[in-house]
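Dear colleague,

Please find below the structure that I am handing over to you. My findings follow directly after it, and I should be grateful for your reading of them.

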Amino acid sequence: IGGSVRLENLMIGNPAGFKTPWLFKVGEIKILVDLGTVTKNPIVITAILVNGAEVTYEKSLAGSNLSTLLDTPSEPSDGNPAPAKEDKKESGSASVVIDDFLLENGKVHLSATIAGGHALELPLPPIHLTGIGKESNGTSIREIILFVLRAIAGSVTRVATGSVELVGQGL
């Protein structure tokens with residue numbers, strides 16, 4: 001038995017101080033859930049499929065929109081999502097395991113704040129993550145979101161760095 005959720009045209013705005021209209025938007029997200037785990041802890045999400053994601057990477061003198069979004073004091077030191085705390089489990093907050101996460105057909109829009117919102121568009125390589133939260137028998141939804149956003153930010157940073165090198169070679 002399985003269940004699914006489908007989201008279309010999701011958009012996340014930019015943090016304050018950035019000129020581009022949005023940070024992240026996606027055409028379609030499909031979430032497949034193991035219904036047998038919905039009343040248990042952890043809830044098992046068998047797959048999250050993200051199709052047509054677009055990320056705007058805007059750089060300013062103070063940093064980037066992605067780094068501003070991800071700056072949190074509770075960031076795990078090893079880069080893996082932190083396990084859900086026992087007190088959260090007891091208070092009704094669910095922990096989650098994601099078996100498979102795939103982002104494909106993505107684009108990166110590179111911009112600088114001084115460009116006033118104009119951006120260069122490049123392809124975003126597919127991002128495939130497996131077993132998120134599995135080692136710790138579940139992770140909080142907040143930590144999973146941060147973990148996935150860090151993976152996306154890493155890929156975007158590699159694209160941005162590569163594009164600067166290509167422009168330099170072209171000059």
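I begin with a pair of sequence neighbours: E143 and R142 are joined by a salt bridge, with 3.1 Å between the closest N and O atoms. Please bear in mind that this is a predicted model. E143 has a relative accessibility of 8% and is therefore classed as buried, whereas R142, at 40%, is classed as partly exposed.

A search of the whole structure returns 5 salt bridges. Salt bridges with shared partners bring R6, E8 and E28 together in one network. Within this network, R6 and E8 form a salt bridge whose closest N and O atoms are 2.2 Å apart. R6 is exposed, at 52% relative accessibility, and E8 is partly exposed, at 48%.

A further salt bridge is formed by the side chains of D99 and K134, with an N to O distance of 3.5 Å. This pair connects distant parts of the chain, the two residues being 35 apart. D99 belongs to strand β5 (residues 95-104), while K134 sits in the loop between β8 (127-132) and β9 (139-140). As to accessibility, D99 is partly exposed with a relative accessible area of 25%, and K134 is exposed with 53%.

I turn next to the chain as a whole. Its secondary structure amounts to 3 helices and 9 strands. In sequence order, these elements follow the pattern β-β-β-β-α-α-β-β-β-β-β-α. The chain has 171 residues, of which 41% count as buried. Its accessible surface is about 9700 Å², and carbon and sulfur atoms account for 58% of that area. If one takes the contacts between residues at least 6 apart in sequence, 69% of them join residues at least 24 apart.

Strand β1 (residues 2-12) includes V5, a residue that I examined in more detail. Together with L7 and L10, V5 makes a nonpolar surface patch of about 210 Å². Why can V5 belong to such a patch? Patches are made of residues with over 30% relative accessible area and no salt bridge, and V5 passes the area cut-off because its relative accessible area is 41%. That value also places V5 in the partly exposed class.

V5 has partners elsewhere in the sequence as well. Apart from neighbours within four places in sequence, V5 is in contact with I29, K30 and I31. The C-alpha atom of V5 is separated by 8.2 Å from that of V33, a residue 28 positions away along the chain.

The last residue in this account is S64, which is located in strand β4 (residues 63-64). Is S64 buried or exposed? With a relative accessibility of 5%, S64 counts as buried, since the limit for that class is under 20% relative accessible area. When neighbours within four places in sequence are set aside, the contacts of S64 are F18, Y57, E58 and K59.

For your own inspection, I would suggest three places as starting points. One is the network of R6, E8 and E28; another is the bridge between D99 and K134; and the third is the nonpolar patch of V5, L7 and L10.

With kind regards

Key:
Residues are numbered from 1 along each chain as its sequence is written. This is a predicted model: local features need pLDDT of at least 70, side-chain atom pairs count only at pLDDT 80 or more; totals for chains, interfaces and linings use all residues. Side-chain values use heavy atoms; hydrogens and water are left out. Patches are made of residues with over 30% relative accessible area and no salt bridge: like charges are joined within 9 Å, nonpolar side chains (Val, Leu, Ile, Met, Phe, Trp, Tyr) within 5 Å. Accessible areas come from the Shrake-Rupley method with a 1.4 Å probe; for residues, only the protein chains shown count as cover. A salt bridge is a side-chain nitrogen of Lys or Arg within 4 Å of a carboxyl oxygen of Asp or Glu. Helices (H or I, at least four residues) and strands (E, at least two) are DSSP runs, numbered from the N terminus. Buried means under 20% relative accessible area, exposed over 50%, partly exposed in between (1.4 Å probe, protein chains only). Contact means heavy atoms within 4.5 Å.
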